[in-house]
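Dear colleague,

Here is the structure that I promised to pass on to you. Please have it open while you read the notes that follow.

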Amino acid sequence: MRIEAKDAYGLTSNAKVVVDIIDINDNPPVIYVKSLTNPIPENVSPGTEVGIINVQDEDSDNNGQVRCFIQEKVPFNLVPSIKNYYSLVATGNLDRELLSNYNFTITARDEGSPPLSSSKSVQLTIADVNDNPPVFEEQPYSAHVTENNKPGSTLCSLTARDPDWRQNGTVLYSLLPGEVNGAPVSSYLSVNGDTGVIHIVKSFDYEQFRSLKFHVMARDNGSPPLSSNILYPSTEGNSFMTELIPKAAHGGSLVSKVIAVDADSGQNAWLSYHIVKSTDPGLFTIGLHSGEIRTQRDISESDSMKQNLIVAVKDNGQPSLSATCSMYLLISDNLAEVPELKDISYDENNSKLTSYLIIALVCVSTFFLTFIIVILGLRFCRRRKPRLFFDGAVAIPSAYLSPNYADVDGTGTLRSTYNYDTYLTTGSRTSDFKFVRTFNDNTLPADQTLRKSPSDFADVFGQSEESPEVGMCYAFALLLSNDH
């Protein structure tokens with residue numbers, strides 16, 4: 001501003017005055033929600049902008065510098081944009097079934113001293129998306145019914161839950177097409193589309209079929225609709241399905257059919273069937289895409305009555321997902337011929353245990369037989385050792401001595417009065433014989449010993465043509481052990 005001073009004589013003077021106003025932090029920030037997407041679909045991806053926030057502060061300099069943030073821990077964040085503007089973006093996955101509403105507070109604080117702040121509450125609602133298919137309460141269902149039942153009676157009740165909201169969570173039930181003994185399954189059963197109660201259309205005859213398998217589909221009313229399928233009855237757990245195969249079945253005969261349903265679409269839902277294990281690998285085959293199980297050859301008498309099949313179903317997704325089921329087949333013309341159906345169930349743990357027991361039994365038996373063979377071999381080898389006489393004292397009567405034996409003096413034939421009593425001590429192992437007592441003075445003294453050797457025998461017998469048997473008998477009669 002300009003100031004003018006004037007005196008009494010009319011003289012004036014001017015001066016310019018400048019006044020600087022120092023700002024104090026007396027204005028809190030003000031938050032404005034410029035735009036907000038509400039409700040927010042639950043399938044928004046992280047990083048999606050759901051709102052624009054503007055913050056104004058009338059103060060200047062540091063007093064007008066504002067920082068904005070969210071106090072609570074929520075899957076949203078404020079990202080600075082242009083001056084005094086912030087973008088509200090989603091930072092995580094949203095699930096309406098877990099949390100349908102978010103209430104949080106946006107706080108703006110300036111850099112003044114002391115700092116001033118203001119807050120604004122924001123409520124976001126998560127909109128439902130049909131992202132959950134119906135789920136049956138039991139997986140799978142199983143029930144028993146007597147034959148000759150009354151048409152219109154209730155077989156069982158199926159219940160499926162869908163956590164989605166309103167029409168996305170409304171469940172409708174329907175019976176999938178199928179055949180029972182060549183007739184449509186709908187001619188035997190019907191299902192209430194709203195309640196899931198299954199009614200019997202006509203009476204069942206045990207002699208015509210003993211089990212009934214069918215599929216029920218639960219579909220929601222969303223867009224696009226999602227569905228879930230269940231196979232009834234169960235082939236899992238303690239219960240199992242049994243198919244009868246006539247003994248006169250020929251090669252190519254249809255035995256059973258495996259039905260699998262994949263809730264995916266496109267090539268992810270292309271299914272292929274494979275037999276991964278069977279009692280007789282060459283007896284059955286399965287259609288790669290149809291799931292039909294057929295015999296590869298005629299049934300013979302040598303085939304086992306009880307057949308076990310494990311079937312794997314794979315989809316065409318990346319990565320491929322699979323499931324397996326067990327089937328128990330009986331080669332019989334009458335169910336009464338099978339003593340116990342429960343024996344058909346395959347227990348891999350019991351099979352392994354049986355293998356271990358067999359291996360242990362073979363090992364123990366082998367060890368025992370080896371031990372017996374070694375003992376017998378040792379005893380046989382001991383008996384084969386050269387022994388002149390049996391253990392114990394043995395006396396050779398004189399009546400066994402031939403009168404044609406030659407004496408050691410070479411004087412000719414021994415007289416019948418030359419009789420020798422010889423004795424063999426227990427455990428003798430040498431070839432020495434000692435004459436204990438004689439009946440003639442011309443014999444060897446009792447304290448002399450005759451040792452057996454080939455040269456001695458040659459001197460005694462000379463060039464005699466006596467048989468080897470006679471010579472051996474003579475040697476036996478004259479030799480006595482000198483162990484003692």
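In which strand does N54 lie? N54 lies in strand β5, where helices (H or I, at least four residues) and strands (E, at least two) are DSSP runs numbered from the N terminus. Please bear in mind that this is a predicted model, in which local features need pLDDT of at least 70 and side-chain atom pairs count only at pLDDT 80 or more, whereas totals for chains, interfaces and linings use all residues. Residues are numbered from 1 along each chain as its sequence is written, and side-chain values use heavy atoms, with hydrogens and water left out.

To stay with N54 for a moment, this residue is buried, with a relative accessible area of 2% (buried means under 20%, exposed over 50% and partly exposed in between, with a 1.4 Å probe and protein chains only). Its side chain reaches the backbone oxygen of N84 at 2.8 Å. Leaving aside neighbours within four places in sequence, N54 is in contact (heavy atoms within 4.5 Å) with V30, I31, Y32, K34, N84 and Y85.

The largest nonpolar core (a set of buried Ala, Val, Leu, Ile, Met, Phe, Trp, Tyr and Cys residues joined through side-chain atoms within 4.5 Å) has 23 residues, and F76, F104 and I106 are those with the most contacts inside it. Two or more residues each come from β5 (49–56), β6 (66–70), β7 (76–80), β8 (85–90), β9 (101–110) and β10 (117–127), and β9 gives the largest share, four residues. A second, separate core has 22 residues, including F136, Y141, V171 and L212.

F104 also has a place in the strand pairing, since its bridge partner in β10 is V122. Nine bridges join β9 to β10, and these two strands run antiparallel; strands pair if DSSP finds at least two bridges between them. An open sheet of four strands has the order β4-β10-β9-β6, with mixed pairing, and its edge strands, β4 (40–41) and β6, each pair on one side only. Leaving aside neighbours within four places in sequence, the contacts of F104 include I70, F76, L88 and V122.

For the protein as a whole, the secondary structure comes to three helices and 31 strands, and 30% of the 484 residues count as buried. Of the contacts with a separation of 6 or more, 62% are between residues 24 or more positions apart.

With best wishes

How values were computed: A polar contact is a pair of N or O atoms within 3.5 Å; within protein, one must be able to donate a hydrogen and the other to accept it, and residues adjacent in sequence count only if both atoms are side-chain atoms.
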